[in-house]
Amino acid sequence: MLTEINFDGIVGPSHNYAGLSLGNLASARNFGRASAPRAAALQGLAKMRANLERGLAQGFFLPQHRPNADWLAQLGTTVAQAAPSLRANAMSASSMWAANAATVSPAADCEDGRCHLTVANLMTMPHRSHEWAETLAQLQLAFADAARFAVHAPVPPPFGDEGAANHMRLCARHDAPGVEVFVYGNAGGAEALGPFPARQHRAASEAIARIHGLDPARTIFARQSAEAIAAGAFHNDVVAVANERVLFAHELAFADKQGLYASLRDALPEVEIVEVPASAVSLEDAIRSYLFNAQLVTLPSGEAALVLPAEARETPSVWRWLEAHVAGNGPIRHLFVHDLRESMANGGGPACLRLRVVADPATVDPRFIATPALLDRIETLVAQWWPERIAVEDLNNPALWERCLAARSALCGELGLEKLDRDRP
Ligand code: SUG
């Protein structure tokens, strides 16, 4: 049975606030604060558990090996000798934001009838540019069934690709052929640059569409508005989210929204576009609350629900809009609110934490599929091994490096995934 599975990144033991992401306002705002890795991981696990209880299929990916000594070796240094700023890049737990792991095209959209996944190169930000090799290794294990899945290495630089965070899919049902929308900020060539980097390049998205064997008649390339990027929407999924026939977006998300909406209506006449006007929710409120970084999911009843961060409920304009929508006839029928403050403080909401894959869970390596009992075991392990607190200075402490490596090894062992620890890509 093909269904949508949400794979969440388990927050790693080195989660910290080193302010590494230019253009991500939360990351900049919280630079220097002490983080709480254990609480962060438990918040993420609680969301996974709740989604499982809602009847949704849930999987997970493991945190990566941090500090990444192999990456520092490529740069001619070691964990002990690296400059603190470089070391912070090698310590980042940023692979927790699984929406940036890969772009996924379900089997129904692909010429060869397999589900295609292309790992994102994440080349724009140094701390994320070394995630791809371990991500590729995990996806190759999780989706090893070559009759059903094709896992691809990243498109090469200099074409920046940030994965599913800039990709939306609209369809009548998850297992039916869909329309794939690739949202880019960088069109290539000479163009006016805004204050922040546009991480997604159109050329990378076009390459992925070719690699996945998508039907050009059902593939749309849309530009993100420069205004949204300048306001801090470093990924499209900070201002828009789609699920089945519903597109939920801010009025100012796209450079040419009329063009995008017209192409969507052409390709999928039943599409429902729910646009939030700037007069009701400013871009600033949308970005601060992560209204659009909600998970828009289809419950077993067939109704659509939003899985939101607590910040959405605490932002008056946003909560007012949501309550009015649910009270009316809108397609979103339920609101679920989660405390994900540790991830949010680095600019990662509910939707950043997950990668959606349409698949039969029975065809995925079971070591990556969540059950309540397995989540219990992971929680116990996190409570035992994850640091309670990391101040930015602690990133220079050898005891923390050892602790982070040991914690991750313990998790790999618990899940029967020692291979990920042993065979470093
Ligand atoms: O890439 N934050 C991540 C947040 C990613 C959110 N993902 C999606 N929108 N899908 C980023 O900017 C902060 C790291 C730091 O500052 O230490 C960070 O990498």
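In this predicted model, the largest pocket encloses about 350 Å³ of space. Its lining is made up of 17 residues, and those nearest the centre of the pocket are Thr3, Glu4, His174, Glu244 and Thr298. Two strands, S1 (3-9) and S12 (295-298), each provide at least two residues of this lining. The greatest contribution to the lining of the largest pocket comes from S1, which gives 3 residues. Sorted by class, the lining of this pocket contains 7 nonpolar, 6 polar and 4 charged residues.

Glu244, one of the residues nearest the centre of the largest pocket, is placed in the loop between S9 and strand S10 (246-250). The backbone of Glu244 has a phi near 45 degrees, which is a positive value in a residue other than glycine.

Enclosed space was examined as well. Rolling a probe the size of a water molecule over the atoms shows where empty space is left. The structure contains 6 cavities of 30 Å³ or more. The largest cavity has a volume of about 290 Å³. Its lining comprises 22 residues, with Glu4, His167, Met168, Arg169 and Arg356 closest to the centre. Glu4 is thus named both among the residues closest to the centre of the largest cavity and among those nearest the centre of the largest pocket. At least two lining residues of the largest cavity come from each of three strands, namely S6 (167-171), S9 (240-243) and S15 (354-359). The lining of the largest cavity consists of 12 nonpolar, 4 polar and 6 charged residues.

The second largest cavity has a volume of about 210 Å³. It is lined by 23 residues, of which Ser21, Ser94, Trp97, His127 and Asn346 are the closest to its centre. By class, the lining of the second largest cavity has 7 nonpolar, 14 polar and 2 charged residues.

The ligand occupies the second largest cavity. The shell around the ligand holds 21 residues, the closest being Leu20, Ser21, Ser27, His127 and Asp237. Ser21 and His127 belong to this group and are also listed among the residues closest to the centre of the second largest cavity. The ligand shell divides into 7 nonpolar, 11 polar and 3 charged residues.

Several side chains place polar atoms beside oxygen atoms of the ligand. For Ser27, a polar side-chain atom is 2.7 Å from a ligand oxygen. In the side chain of Arg199, an N or O atom lies 2.8 Å from an oxygen atom of the ligand. The corresponding distance for an N or O atom in the side chain of Asn24 is 2.9 Å. The ligand taken alone exposes 490 Å², and 99% of that area is buried by the protein.

Two cis peptide bonds were also identified in the backbone. One joins Arg66 and Pro67, with omega at about 5 degrees. Pro67 is part of the loop between strand S2 (57-61) and helix H3 (69-74). Another cis bond runs from Pro157 to Pro158, where omega is near 15 degrees. Pro158 falls in the loop between strand S5 (149-152) and S6. Strand S6 is also one of the strands that supply at least two residues of the lining of the largest cavity.

Key
Residues are numbered from 1 along each chain as its sequence is written. This is a predicted model: local features need pLDDT of at least 70, side-chain atom pairs count only at pLDDT 80 or more; totals for chains, interfaces and linings use all residues. Side-chain values use heavy atoms; hydrogens and water are left out. On a 1 Å grid over the protein atoms alone, a cavity is a set of points where a 1.4 Å probe fits but cannot get out, and a pocket is an open set with protein on both sides within 12 Å along at least five of seven lines; lining residues have an atom within 4 Å of a point. Grid points are joined across faces, edges and corners, and a volume is the space filled by probe spheres set on the points. Helices (H or I, at least four residues) and strands (E, at least two) are DSSP runs, numbered from the N terminus. Ala, Val, Leu, Ile, Met, Phe, Trp, Tyr, Cys and Pro count as nonpolar, Asp, Glu, Lys and Arg as charged, and the others, Gly among them, as polar. A residue is near a molecule or strand if one of its heavy atoms lies within 4 Å of it. A polar contact is a pair of N or O atoms within 3.5 Å; within protein, one must be able to donate a hydrogen and the other to accept it, and residues adjacent in sequence count only if both atoms are side-chain atoms. Accessible areas come from the Shrake-Rupley method with a 1.4 Å probe; for residues, only the protein chains shown count as cover. A molecule sits in a cavity or pocket if more than half of its atoms lie within 2 Å of its grid points.
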